[in-house]
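Biologist: I am new to this structure, and I would like to go through it slowly with you. Could you show it to me before we begin?

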Amino acid sequence: MAKWARLFRIVTVVSSISVFTYWFIKKSAVAFVDNSVGLQVINKLPQALDFYLINVNKIDSATKLEPKHIGKIRPEYYRIEYLKMDKSDEYWIVGYLGKKNLVYFSQHSVPNKNIDQIVEVQNYINQSMKLSDAAKKQVDAYNYENTKLGIWITLDFLLLFLNLVLLLKKNNKN
């Protein structure tokens with residue numbers, strides 16, 4: 001029975017390591033997308049802002065909002081993202097100063113999907129209170145899901161580490 005348990009532990013550890021390796025490579029790969037629109041967000045404000053991008057996809061008659069974290073952009077720096085715009089012709093940019101203080105919201109349309117977009121954030125603006133409230137809800141849900149995912153991955157790594165240590169531990173029977 002001990003040999004079957006050891007074999008099971010070996011198969012579990014090897015499969016877990018391979019799944020996490022695949023997942024990390026997939027998540028960390030640069031998101032170049034075929035037939036995508038390049039978006040460059042430039043922060044011209046005197047403070048660093050945490051930016052989120054919300055792609056507005058129109059599927060049939062429903063609208064689906066897909067948030068994505070661009071990152072914290074320091075003053076006079078920029079970030080480049082690539083947007084898959086096959087089901088969309090609009091995106092929103094949301095900027096936060098701190099965790100919960102939404103200080104920038106802008107709505108952008110993409111009339112020509114062959115031309116890359118450049119957005120310079122030069123002032124604190126909120127173009128639409130109604131849309132910014134919807135964007136804030138989407139960003140909060142996105143951050144909540146990422147927090148849950150982070151907790152599960154941490155627990156999975158803990159279990160993987162414990163199994164690996166128990167697998168490599170030598171029996172010290174006297």
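Modeller: What follows is a set of questions and answers on this predicted model.

Biologist: How many aromatic pairs does a search of the whole structure find, and how far apart are the ring centres of Phe24 and Phe157?

Modeller: The search of the whole structure finds 7 aromatic pairs. Phe24 and Phe157 form one that counts as stacked, with 5° between the planes and, from centre to centre, a distance of 5.8 Å.

Biologist: Which helices hold Phe24 and Phe157, and how many residues apart are they?

Modeller: This pair links distant parts of the chain, since Phe24 belongs to helix H1 (residues 2-28) while Phe157 belongs to helix H2. Phe24 has a relative accessible area of 39% and is therefore partly exposed, and Phe157, at 32% relative accessibility, also counts as partly exposed. The helices are thus H1 and H2, and the separation of the two residues is 133 residues.

Biologist: Is the pair of Phe51 and Tyr104 stacked or edge-to-face?

Modeller: The ring centres of Phe51 and Tyr104 are 6.3 Å apart, and their planes stand at 75°. Planes over 60 degrees apart count as edge-to-face, so the pair of Phe51 and Tyr104 is edge-to-face.

Biologist: Where do Phe51 and Tyr104 lie, and is Phe51 buried or exposed?

Modeller: Phe51 lies in strand E2 (residues 49-59) and Tyr104 in strand E6 (residues 101-109), so the pair ties together parts that are 53 residues apart in sequence. Tyr104 has a relative accessible area of 5% and is buried. Phe51 has 0% relative accessibility, and because the limit for that class is under 20%, Phe51 counts as buried.

Biologist: How many bridges join E2 to strand E3, and which residue in the hairpin takes a positive phi?

Modeller: E2 and strand E3 (residues 62-73) run antiparallel and are joined by 11 bridges. Leu49 stands opposite Ile73 in E3. The hairpin of these strands has 2 residues between them, and the residue with a positive phi, near 55°, is Asp60.

Biologist: Which residue meets Lys44 in a salt bridge?

Modeller: The structure holds 7 salt bridges, and one of them joins the side chain of Lys44 to its partner at 3.7 Å, N to O. Lys44 sits in the loop between strand E1 (37-43) and E2, whereas the partner sits in the loop between E3 and strand E4 (77-83), 32 residues apart. Lys44 is partly exposed, with a relative accessible area of 34%, while the partner is exposed at 54%. That partner is Glu76.

Biologist: Which element holds Asp140, the residue linked to Lys100?

Modeller: The side chains of Lys100 and Asp140 meet in a salt bridge at 3.9 Å, N to O. Lys100 is exposed, with a relative accessible area of 56%, whereas Asp140 is partly exposed at 31%. Lys100 lies in the loop between strand E5 (88-97) and E6, and Asp140, 40 residues apart from Lys100, lies in helix H2.

Biologist: What is the accessible area of the nonpolar patch that includes Phe161?

Modeller: Phe161 is found in helix H2 (residues 129-168), and with a relative accessible area of 52% Phe161 is exposed. The surface patch also includes Ile151, Trp152 and Val165, among others. Together the residues of the patch have an accessible area of about 820 Å².

Note on methods: Residues numbered from 1 in each chain as written. Predicted model: local features only at pLDDT ≥ 70, side-chain atom pairs only at ≥ 80, totals over all residues. Heavy atoms only, no water. Patch = residues over 30% accessible without salt bridge, like charges linked within 9 Å, V, L, I, M, F, W, Y side chains within 5 Å. Areas by Shrake-Rupley, 256 points an atom, 1.4 Å probe, with all protein chains shown as cover. Salt bridge = Lys/Arg side-chain N within 4 Å of Asp/Glu carboxyl O. Helix = DSSP H or I, 4+ residues; strand = E, 2+ residues; numbered from the N terminus. Buried < 20%, exposed > 50% of the residue type's maximum accessible area, 1.4 Å probe, protein only. Phe/Tyr/Trp six-rings, centres within 6.5 Å; stacked < 30°, edge-to-face > 60°. Pairing = 2+ DSSP bridges.
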